[in-house]
Amino acid sequence: MSRDLELMLICAMRYAIGRETYMPSVAIDYLRYIAPQLSANTLFILQRDIEEEIERYKRIDHEMYMADEWLKLKQDISSEYEKKKAVQE
């Protein structure tokens with residue numbers, strides 16, 4: 001997986017999160033599929049960004065579109081991150 005592609009996936013997720021269109025489900029499905037191939041650094045960034053966005057919506061007291069699906073993705077990404085981290089140690 002090239003670093004450029006990983007950067008594009010981060011951008012795609014940042015674009016999709018919080019949008020009220022079909023794009024969140026497309027991004028979630030693809031990120032879940034590709035997560036095992038991503039670097040630990042990219043996985044860390046993705047899980048951090050999802051958490052920050054969910055917290056931002058809580059602060060403005062507004063429900064985030066597809067919040068449950070984003071949280072499930074965050075859990076899947078966190079699991080992949082822990083696997084990669086264990087291998088690196």
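## Salt bridges and core packing in a predicted helical model

In this predicted model, a salt bridge joins the side chains of Lys58 and Glu55, with an N to O distance of 3.3 Å. Lys58 and Glu55 are three residues apart in helix α3, so about one helical turn separates them. Lys58 is exposed, at 56% relative accessibility, whereas Glu55 is partly exposed, with a relative accessible area of 30%.

The whole structure contains nine salt bridges. Three of them are set out below.

| Salt bridge | N to O distance | Citation |
|---|---|---|
| Lys58 and Glu55 | 3.3 Å | side chains meet |
| Asp49 and Arg14 | 2.5 Å | side chains meet |
| Glu80 and Lys83 | 3.4 Å | side chains meet |

The bridge between Asp49 and Arg14 connects helix α3, which holds Asp49, to helix α1, which holds Arg14, and so ties together parts that are 35 residues apart in sequence. Asp49 is buried, with a relative accessible area of 9%, while Arg14 is partly exposed at 45% relative accessibility. Asp49 and Arg14 also belong to a network of salt bridges that links them with Arg48 and Glu52. Glu80 and Lys83, by contrast, both lie in helix α4, where they are three residues apart, about one turn of the helix. Glu80 counts as buried at 15% relative accessibility, and Lys83 as partly exposed at 47%.

Helix α3 also has a part in the packing of the interior. This helix has 20 residues and spans 29 Å from its first C-alpha to its last, close to the 28 Å expected at 1.5 Å a residue. Its buried residues include Leu43, Leu46, Asp49, Ile50 and Tyr57, and the buried residues of α3 pack against α1, α2 and α4. After α3 comes Asp61, whose phi is positive, near 55°.

The largest nonpolar core has 25 residues, and those with the most contacts inside it are Leu31, Leu46, Ile50, Met64, Trp70 and Leu73. At least two residues of this core come from each of α1 (3–16), α2 (23–34), α3 (40–59) and α4 (67–88). The largest share, seven residues, is supplied by α3. In soluble globular proteins, nonpolar side chains tend to be buried together.

Which residues does Trp70 touch, beyond those up to four places away in sequence? Trp70 touches Met13, Ala16, Ile17, Gly18, Pro24, Ala27, Ile28, Ile50, Met64 and Tyr65. Ile28 lies in helix α2 and is buried, at 3% relative accessibility. Leaving aside neighbours within four places in sequence, Ile28 is in contact with Met66, Glu69, Trp70 and Leu73. The C-alpha atoms of Ile28 and Leu73 are separated by 6.6 Å, although these residues are 45 apart along the chain.

Tyr81, in helix α4, is buried with a relative accessible area of 15%. With residues up to four places away in sequence not counted, Tyr81 touches Ala40, Leu43, Phe44 and Gln47. Tyr81 and Arg32 are 49 residues apart in sequence and 12 Å apart in space, C-alpha to C-alpha.

On the surface, Met1, Leu5 and Met8 form a nonpolar patch with about 290 Å² of accessible area together. Leu5 is placed in helix α1 and is partly exposed, with a relative accessible area of 38%.

Definitions and conventions:
Residues numbered from 1 in each chain as written. Predicted model: local features only at pLDDT ≥ 70, side-chain atom pairs only at ≥ 80, totals over all residues. Heavy atoms only, no water. Core = buried A, V, L, I, M, F, W, Y, C linked by side-chain atoms within 4.5 Å. Buried < 20%, exposed > 50% of the residue type's maximum accessible area, 1.4 Å probe, protein only. Helix = DSSP H or I, 4+ residues; strand = E, 2+ residues; numbered from the N terminus. Contact = heavy atoms within 4.5 Å. Expected span 1.5 Å × (residues − 1). Patch = residues over 30% accessible without salt bridge, like charges linked within 9 Å, V, L, I, M, F, W, Y side chains within 5 Å. Areas by Shrake-Rupley, 256 points an atom, 1.4 Å probe, with all protein chains shown as cover. Salt bridge = Lys/Arg side-chain N within 4 Å of Asp/Glu carboxyl O.
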